[in-house]
Structure formats: structure tokens, C-alpha cells
Amino acid sequence: MIERPSAFRLSAPSGWRGIRGWLSRVPVKDPVDRRNAPMLQLVLLMLGSLPPLAWAYRIFVAPAPWRPGETFSLMLSLLLSALAIFSVVLIRRGRFQWAVRQFMALVALVMMLSYVGNGFDANRFEQPIQMIWLVISGLMIGRRALWLMYGWTVLTFAVGAWRDVEAKIAAATSTANITGDVAISAIIFLFIAVVVDRSAAALRESLSEATKRGDQLARANQRLQAEIAERERVQHQLIHSQKVEAVGRLAGGVAHDFNHLLGLVLGYAQRGQRAPDEEEKQKALIGVESAARRATAVSQKLLSFSRRDVAQPEVFDVSAALREMQGPLRQLFDPSVEIVFDLPEQSALIHFDRAQFELMILNIAANANYAMPDGGSFHVAVRALSQPARVAIELRDTGCGMDAETRAHIFEPFFTTKPRGQGTGLGLAVIHDLILNSEGSIEVESSPGNGAEFFIHLPSVADIHG
């Protein structure tokens, strides 16, 4: 007893949504007509179904005798209901304006016939419904249709009043109230027509403003798209200009580095030729080898930056590799720079490309040497960390140091503090990429006048295979 009303309340809204959805699915192109279509279809369906039901009740159920004129009213009512159903069919086929116009034309004809046949007084109770035709004419057809319908309605009032006057004269009764009633009804309908006219005008103005605003937004969107396209074009030009500038800086730095290294090679070669004994020749050859290694480092920087080199990782001991690099590092630094190695005896194994590892160390060492023109010290230390398993490499110099802005950009490609033509700006950028690609990390601590310290952490072999 309790669940059934509850189920009905839950299903009724769902059913109404389905009906509303069916009324909304009409192939009407005009957006205003498409929005008016559900309401008009609902009205037409009611006009097509309720009057026939009412007449069926009048014919088969009501006990009152059939009055004169009801047959004529029955025919007009059924004609109007049939046309209402036909208009719904037209709307479902996308012919909205044709449906509403022909329906309103028939409504006007039926009104006239009803007032001609029955008079004004007999149609007094139909006037509330007749107001609906004013609203439909004004909102769904237009202002002209509204005032035509109002004029036609007043004309039907006058014709009906004339019909009543004739009947009352024939019956020798008073006709004093007929003119006043017609005037009052005409004024009421005029009030309704004015309200509908102004409301429809406001809606049309709002729609016009909305359309105008939409057009403005569309034009603004087009301008925005054009500005975005122009911005992208300018950005591409800027990137191209930056690439050209980068290539120029790269070429100048590489040329300077190679000229310097070739000068060293030639100097050591000449010294070896003039060497008085075998020991001096060996020193000169060591110098040639050191300069050649540095030249290899420069070419490796270019290959690593362009990513055209192929890495060949291998397992090796960091401490042993750094011990083997003591000679080249001493040759790289000026004689006024002291190099201190703090290398453990136990192995610190990593899985890394050894040539790239040496490139990392040489790049940082070259920057440290540049930062200590008046001498100083360069400290190299290795630590084995257990949690997590890492090999920590510390490279510290006592040079001029870096400020915060420089530290923020040192790992960017082509960033260099060296004069134009004396550096590529690729060294630390390549180091940064190599370490990150190996799942390691690199950090730097520095301040002006206090040197710089680089902390490199690389996964140990135990961590890699663990």
C-alpha cells in the first residue's frame, strides 16, 4: 500500500522527461522555432484530443438534451482538432512555420464562423482560449501576425454583437449591454496584445543582441587565432635566430679551443725536437698526449651535445680511473694549481661509459683551472655510500666562485662566463645530461670568492644489479 504511490512518483518524472525529449526532437532549422516547437506541439495535442473527449462526454454521458446550434459547434470543434493533429504532423516533419500559419488561419476562420453562427454572448466563455491565439501569433509568427489576429478578433466580436443585436431586436429585448461588453472585451484583448507585442519585441532585441555578441566573439576569436599564428611565426623566427647565434658561439668557442690545443701540441712537439735527453723528450710527449686528450674532450662535447655518439657503458672502478687520470689532470692545470686526490683503496664500481666519465672530470677540471688564474688547489675525493648504494665524487676548487644567478644557469647549453670565442658553454650541459641519463645526480655549492664544489652521485654496480 505504501510502495505503489512511491513507485509512481519516481516513474512519473522519468515519463515526462521522455515526452519532453520526444517533443524536442524535431528537424527544425531555425533555433527560435526549434525552442517553440515542444510547447506548440503540446498545445496542439491537447486541442486535438481534449475537445473530442469533451464532445463524446456531451453526446454519450450528459443527460441534457441536444440544443440548437450544438451540431454546428461540434463540426467546428472537430475540424479544429483534426487540423491540430495535422499541424503536429507538419512540425514533426520540420515544417514549423507552415504548420503554425495554416493552423492560425483556420482558427481565425473558425472564430468568425462561431461568432456568425452563435453570436457574441454565446462565445463569451471561449474568450480565454482565444487569448492563446494572440500569444501564439505574436511569439511564433511575428508582430504583424499578432496585430492581424487582434484586428480579426475585434471584427469577430463586432460580427457576433451584430448577430446578438438582430436576435434581441427580433425578440423585442434590450440591447444596451452588448456594445459595452464588446468594448470591454476589445480593451482586454488590446491589453494582452500590447503585452505580447512588447514581450516579443524584448525577446527579439535580446536575441539580436545575443546574435551580435556571438558575431563579435566569433570575430574576436578569428583575431585571436590570427594573433596566435603570428606569435608562433615570430617565435619560430626567434628560435631560428637563437640557433644561428648558438651555432656562431659554438663555432667560435670550438675554434678557440682547438687553436689553443694545436698550439700546445706544436709547442710540445718543438720542445721534444730540441730536447737534449730522453727524459725531456718523454715529458714533451706527455704534454702532446695531454693536449690531444683535451682535444678529444672538445670533440666529445660536440658529439655528446648533438647526440650522435654511441655510449659504451662498462663496469669500472672510479678510484682506479681517477688515478690513471692524474697525469692528464696535472698537465691540464697551470703549475700554480695544487691537485689533491683523496681516493679510497676499496673498489667503487659503477656502470658508465668510461670515455664519458673522463670527459666529465676533464670538463669540471678545465672550468676549475679557468676560475683560478692566480693559482689555488683542486681537490678530488671519492666516497662509497651504502644507503642508497651510490658512489659519491667530490670535485672542489678554490677559485673565484659563482653567484646565485650563475649557479642557476650553469647546466644550460651554451651558457658560459668566459669571453666570447673562448668557450662553447657545452661542458656542464653535457655532464648534466650524462649523469641524469645514468639515473645519477649532480649538485653544486658555490659563492663569490669561495670556490666551487661539485657533488656527483652515480649508482654503484651493487645498486644497479640489486
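Which residue in strand 7 is the bridge partner of Val444? The tour returns to that pair after a look at the whole chain.

**Whole chain**

Start with everything displayed. This is a predicted model. The protein has 466 residues, of which 36% count as buried. Its secondary structure amounts to 14 helices and seven strands. About 27600 Å² of the protein is exposed, and carbon and sulfur atoms account for 59% of that area. Taking contacts between residues at least 6 apart in sequence, 71% of them join residues at least 24 apart.

**The open sheet**

Select strands 2, 4, 5, 6 and 7. These five strands make an open sheet in the order 2-4-5-7-6, with mixed pairing. Strand 2 (337-342) and strand 6 are the edge strands, each pairing on one side only. From one strand to the next, the twist averages 15°.

**Strands 6 and 7**

Now keep residues 441-446, which are strand 6, and residues 452-459, which are strand 7. The two run antiparallel and are joined by six bridges. Here is the pair from the opening: Val444 has Phe454 in strand 7 as its bridge partner.

Show the side chains of strand 6. Ile442, Val444 and Ser446 make up the covered face, while Ser441, Glu443 and Glu445 make up the uncovered one. Then move to the hairpin connection, where five residues lie between the strands. Pick Gly449 in this hairpin: its phi is positive, near 85°.

**Strand 4 and His379**

Go to strand 4, residues 376-385, and select His379 within it. Is His379 buried or exposed? It is buried, because its relative accessible area is 19%, and the cut-off for buried is under 20%. Display what surrounds His379: beyond its neighbours within four places in sequence, it is in contact with Val340, Asp342, Glu394, Leu395 and Arg396.

**Helix 11 over the sheet**

Add residues 354-371, which form helix 11. This helix lies across strand 2, strand 4, strand 5 (390-397) and strand 7. Relative to strand 5, helix 11 runs at about 25°.

**Helices 5 and 6**

Leave the sheet and select residues 127-141 (helix 5) together with residues 143-170 (helix 6). They pack with their axes 7 Å apart, at an angle of about 155°. Helix 5 is therefore roughly antiparallel to helix 6, since angles over 145 degrees count that way.

Show the side chains where the two helices meet. Helix 5 contributes Gln127, Gln130, Trp133, Leu134, Ser137, Gly138 and Ile141. Across from them, helix 6 contributes Ala145, Leu146, Met149, Tyr150 and Phe157. By class, this contact has eight nonpolar residues, four polar residues and no charged ones.

**Leu155**

Stay on helix 6 for the last stop and select Leu155. With a relative accessibility of 40%, Leu155 counts as partly exposed. Add Tyr115 and draw a distance between the two C-alpha atoms: Leu155 and Tyr115 are 9.8 Å apart in space. In sequence, Leu155 and Tyr115 are 40 residues apart.

Definitions and conventions: Residues numbered from 1 in each chain as written. Predicted model: local features only at pLDDT ≥ 70, side-chain atom pairs only at ≥ 80, totals over all residues. Heavy atoms only, no water. Axes fitted to C-alpha atoms, helices over the stretch in contact; angles between N-to-C directions. Helix = DSSP H or I, 4+ residues; strand = E, 2+ residues; numbered from the N terminus. Parallel < 35°, antiparallel > 145°, perpendicular 65-115°, else oblique. Contact = heavy atoms within 4.5 Å. Nonpolar A, V, L, I, M, F, W, Y, C, P; charged D, E, K, R; others polar. Buried < 20%, exposed > 50% of the residue type's maximum accessible area, 1.4 Å probe, protein only. Areas by Shrake-Rupley, 256 points an atom, 1.4 Å probe, with all protein chains shown as cover. Pairing = 2+ DSSP bridges.
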